[in-house]
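Here is a short briefing on a sheet, a helix that crosses it, and the cysteines. Have a look at the model first, then read on.

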Amino acid sequence: MLSSRGTKKAESLHRPWRYAAAHTYDAKTNTSGVISLGMAEHAPMRSDVANYINDKVIFTENEIGYRPRPDSPARLPQAVASHLNSLLKPMLPIDPEHVVTASGLTAIGSMLAFTLAEESDGILVARPVYGRFELDYGVEAGVQIVYADTEAEESFTPGVVEKYEAALQDAARKGITVRAVLLVNPHNPVGRCYPEDTLREILRFCSKHRLHVISDEVYASCVFDSGDPSAVPFTSILSLDLKGLIDPNLVHVLWGFSKDFAAGGLHLGFLITRNEQLREACKVIVRLHHPSTTTKAIGATILEDQSFVAKFTEKSTRDLANTYRIVTSVLDREGINYVKGGNAGFFIFVDLSPYLSDGPASSQGREFALAQKFLDAGVFLHPGEEHAKTPGWFRLVFSQEGDVLREGLRRMIGVLKA
């Protein structure tokens, strides 16, 4: 017998299509396996990181104890601060004491929900957006995601604050107190970066309502040359002059190893905040979400080797640019609509609404039906997970080996033509 909480959580595990199908395809050993175009992972770059770890990381007794010796330097916070000062170009330098380390951004999302909001309070997000925030902020802390419905391109305009205002007022009518606005920049699933003027308007909105701003910048190094001159470059929220915009204690940035270093399995994420009280609260809760000392040694070694970081990032972004061109050329050839102007992340937001079945089924059910047809054909795209305003939009992840991507697209197009 479980508690009511435990029973509710166990039931959620069986929600249809909540969890992604596994990638089982192998060009040599399992050609009939499933090709996942739903998992946001830069698969071709994993071997570079694994080889580096095997060649360069040296473990000492510090890395197998509960914690390093008191006289040992705090390598990882120093390495993270130095790396992010270079990558994010903050207006005010990031200090090692501003860094909270945890076992990934999922853990940090849960920690922020617990520390910034009461149970059943809300975190405001413009959608379409990454659907698992409902789990990150809700599973342990019980905090709701409140959605401001927008068209995909609309999220990146200063006018999006009007949709935030409407969603905030609607939440209040329902008795939900919104505590923070969550941004994903570069954006998941649209693959765009926020313009500076939009970021400033969002900060003004949050200051007006005394809301925290959580800027998830986990794709900060995954910005590539898409060949589109109109694509917006990446701007970290920390690079803006916050004076006159918002109290810096309300601004928090998330970053980690899962995307920029194709190393989600390291479970290594960071909260960057000048809010001392928040850091202290998180340092207590992180007892339940702490990465291992061995993982921290791996992270510090990588970030301390900026020559490797530069070469890895150059190779990663070049590969993303190549696979982006592969998938957009196929979509253009087949006349499939998608959000243009992408230049970041691992995905394209694709409009497959013309291929949804007719009939009385719900919008969600029609998306599920198309997803099942894809899966039956050996290719996986996640239905409904990115919460588009209208049904039929899917996130297509292109960060695969070129041959694997082409085969996955061939299977997908085959279903659509059928």
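Two strands count as paired if DSSP finds at least two bridges between them. Helices (H or I, at least four residues) and strands (E, at least two) are DSSP runs, numbered from the N terminus. This is a predicted model, where local features need pLDDT of at least 70, side-chain atom pairs count only at pLDDT 80 or more, and totals for chains, interfaces and linings use all residues. Residues are numbered from 1 along each chain as its sequence is written, and side-chain values use heavy atoms, leaving out hydrogens and water.

**The sheet**
- Strands E6 (residues 212-216) and E7 (residues 251-256) run parallel and are joined by four bridges.
- One residue to pick out is Asp216, whose bridge partner in E7 is Leu254.
- Both strands belong to an open, mixed sheet of seven strands, ordered E2-E8-E7-E6-E5-E3-E4.
- At its edges are E2 (99-102) and E4 (144-149), each pairing on one side only.
- From one strand to the next, the twist averages 25°.

**The helix across it**
- Helix H7 (residues 196-208) lies across E3 (122-127), E5 (178-184), E6 and E7, and runs at about 170° to E5.
- Contact here means heavy atoms within 4.5 Å; axes are lines fitted to C-alpha atoms, for helices over the stretch in contact, with angles from 0 to 180 degrees between N-to-C directions.

**The cysteines**
- With a disulfide taken as a pair of cysteine sulfur atoms within 2.5 Å, the count is zero.
- Cys193 is in no disulfide, and the nearest cysteine sulfur, in Cys222, is 10 Å away.
- Cys193 is buried (under 20% relative accessible area; exposed is over 50%, partly exposed in between, 1.4 Å probe, protein chains only), because its relative accessibility is 2%.
- Cys282 cannot bond to Cys206, because this closest cysteine sulfur is 18 Å away, too far for a bond.
- Cys282 also counts as buried, at 1% relative accessibility.
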